[in-house]
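These are my notebook entries on one protein chain. I set down what I looked up, entry by entry.

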Amino acid sequence: MNAVIYCRVSTKKEAQESSLARQKEELQRFASQSGFTIHQLIEEKHSGYDIDRDGILEVLDLLKGGQVEALLIQDETRLGRGNAKIALLHAVHKYGGTIYTVNQNGELQLSEADSMVLEIVSIVEEFQRKLHNLKIKRGMDKAVKEGYRPQQNLSHQHHGGRDRVDVPIEEIVNLRNRGLTFHEIAATLKGFGHHASKATVHRRYKEYVDEQSEKH
């Protein structure tokens, strides 16, 4: 199993160097004894309460991209502390990763409290996803009810190499004229294969209005 080793100390003080070295040594020995293939070793000096850490974000990228299946740490506090730890535990699980620790000599066993919080987070995330999908469907239904015919108007051809999000300005104007909000327009376009945020839709519409004003 491919694994990434993650070592962390909280400060850049010289006294922490020995702790970092000890973590690396213990984790490399643990990986060898447990049959893991070390894909990468990541170490950093940063507070565990902060989620904005280059090292841990790189770990998540490796898990999300499928380059590794396991995360090896000394103990769960090395991953993070407080809310940051819960958020990272959830992210690792979401990306299909498994956490192993030296302290537990195997797969991380969560406390009952942590397990309960992660379950609640997963339930909330699932309901947020359902609500988002319902908003998209609602916007699509409203557009069609107002006479919008996407099969006649929307082009599903996407062109690579563009920095700007490719959205059909004609349809934005059309939907706006039919009374849809910018949020509803964004949701509707997404349902038909065009991914654009509410802010992007609003910006493109404003650009269109400004261009028309200049012409006249």
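Before looking for a core I fixed the term: a nonpolar core is a set of buried Ala, Val, Leu, Ile, Met, Phe, Trp, Tyr and Cys residues joined through side-chain atoms within 4.5 Å. I also note at the outset that this is a predicted model.

**Entry 1. The core**

I looked up the largest nonpolar core and found that it has 20 residues. Val4, Tyr6, Val59, Leu71, Leu79 and Ile99 are the members with the most contacts inside it. I then asked which elements give two or more residues to this core. They are β1, α2, β3 and α4.

I followed Val4 further, leaving aside its neighbours within four places in sequence. Val4 is in contact with Gln40, Ile42, Val59, Leu62, Val68, Ala70, Leu71 and Leu72.

**Entry 2. The chain as a whole**

I recorded 9 helices and 5 strands in the protein chain. Along the sequence I read the pattern β-α-β-α-β-α-α-β-β-α-α-α-α-α. Of the 216 residues, 37% are buried. I noted an accessible surface of about 13,100 Å², with 48% of it belonging to carbon and sulfur atoms. For contacts between residues at least 6 apart in sequence, I found that 67% join residues at least 24 apart.

**Entry 3. The sheet**

I traced the strand order of the sheet next. The 5 strands form an open sheet, ordered β2-β1-β3-β4-β5, and the pairing is mixed. β2 (37-45) and β5 (106-107) stand at the edges with a single partner strand each, so one side of each is left without a neighbour in the sheet.

I then checked what packs on the sheet. Helix α1 (residues 17-34) does so, touching β1 (2-9), β2, β3, β4 and β5. The direction of α1 makes about 160° with that of β1. Helix α2 (residues 54-65) lies across β1, β2 and β3, and I noted that α2 runs at about 155° to β2.

For one strand pair I looked up the bridges. Strand β3 (residues 70-73) and strand β4 (residues 98-101) run parallel and are joined by 4 bridges. I picked out Ile73, whose bridge partner in β4 is Thr101.

**Entry 4. Salt bridges**

How many salt bridges does the count come to? I recorded 5 salt bridges, and I went through three of the pairs in turn.

I began with Glu25 and Arg29, whose side chains meet in a salt bridge at 3.6 Å, N to O. Both residues lie in helix α1, 4 residues apart, which is about one turn of the helix. Arg29 is partly exposed, at a relative accessible area of 41%.

I turned next to Asp114 and Lys85, where the side chains meet in a salt bridge at 2.9 Å, N to O. Asp114 lies in helix α5 (residues 112-145) and Lys85 in helix α4 (residues 82-94), so the pair ties together parts that are 29 residues apart in sequence. Are Asp114 and Lys85 buried or exposed? I found both of them buried.

I then looked at Lys206, which forms a salt bridge with Asp210, the closest N and O atoms being 3.2 Å apart. Lys206 and Asp210 both lie in helix α9 (residues 198-215), 4 residues apart, about one turn of the helix. Lys206 is partly exposed at 46% relative accessible area, and Asp210 counts as partly exposed at 34%. Looking for shared partners, I noted that salt bridges join Glu76, Lys85 and Asp114 into one network.

**Entry 5. Two loop residues**

I located Arg53 in the loop between β2 and α2. Why does Arg53 count as buried? The reason is its relative accessibility of 0%, because buried means under 20% relative accessible area. Beyond its neighbours within four places in sequence, I listed the contacts of Arg53 as Tyr6, Arg8, Glu44, His46, Ser47, Gly48, Arg78, Leu79, Gly80 and Leu88.

I placed Asp75 in the loop between β3 and α3 (76-79). Asp75 is buried, with a relative accessible area of 15%. Leaving aside neighbours within four places in sequence, I found Asp75 in contact with Thr101 and Asn103. Thr101 had already come up as the bridge partner of Ile73 in β4. I also noted that Asp75 and Gln104, 29 residues apart in sequence, are 7.7 Å apart in space, C-alpha to C-alpha.

Terms used
Residues are numbered from 1 along each chain as its sequence is written. This is a predicted model: local features need pLDDT of at least 70, side-chain atom pairs count only at pLDDT 80 or more; totals for chains, interfaces and linings use all residues. Side-chain values use heavy atoms; hydrogens and water are left out. Two strands pair if DSSP finds at least two bridges between them. Contact means heavy atoms within 4.5 Å. Axes are lines fitted to C-alpha atoms, for helices over the stretch in contact, and angles run from 0 to 180 degrees between N-to-C directions. Buried means under 20% relative accessible area, exposed over 50%, partly exposed in between (1.4 Å probe, protein chains only). Accessible areas come from the Shrake-Rupley method with a 1.4 Å probe; for residues, only the protein chains shown count as cover. A salt bridge is a side-chain nitrogen of Lys or Arg within 4 Å of a carboxyl oxygen of Asp or Glu.
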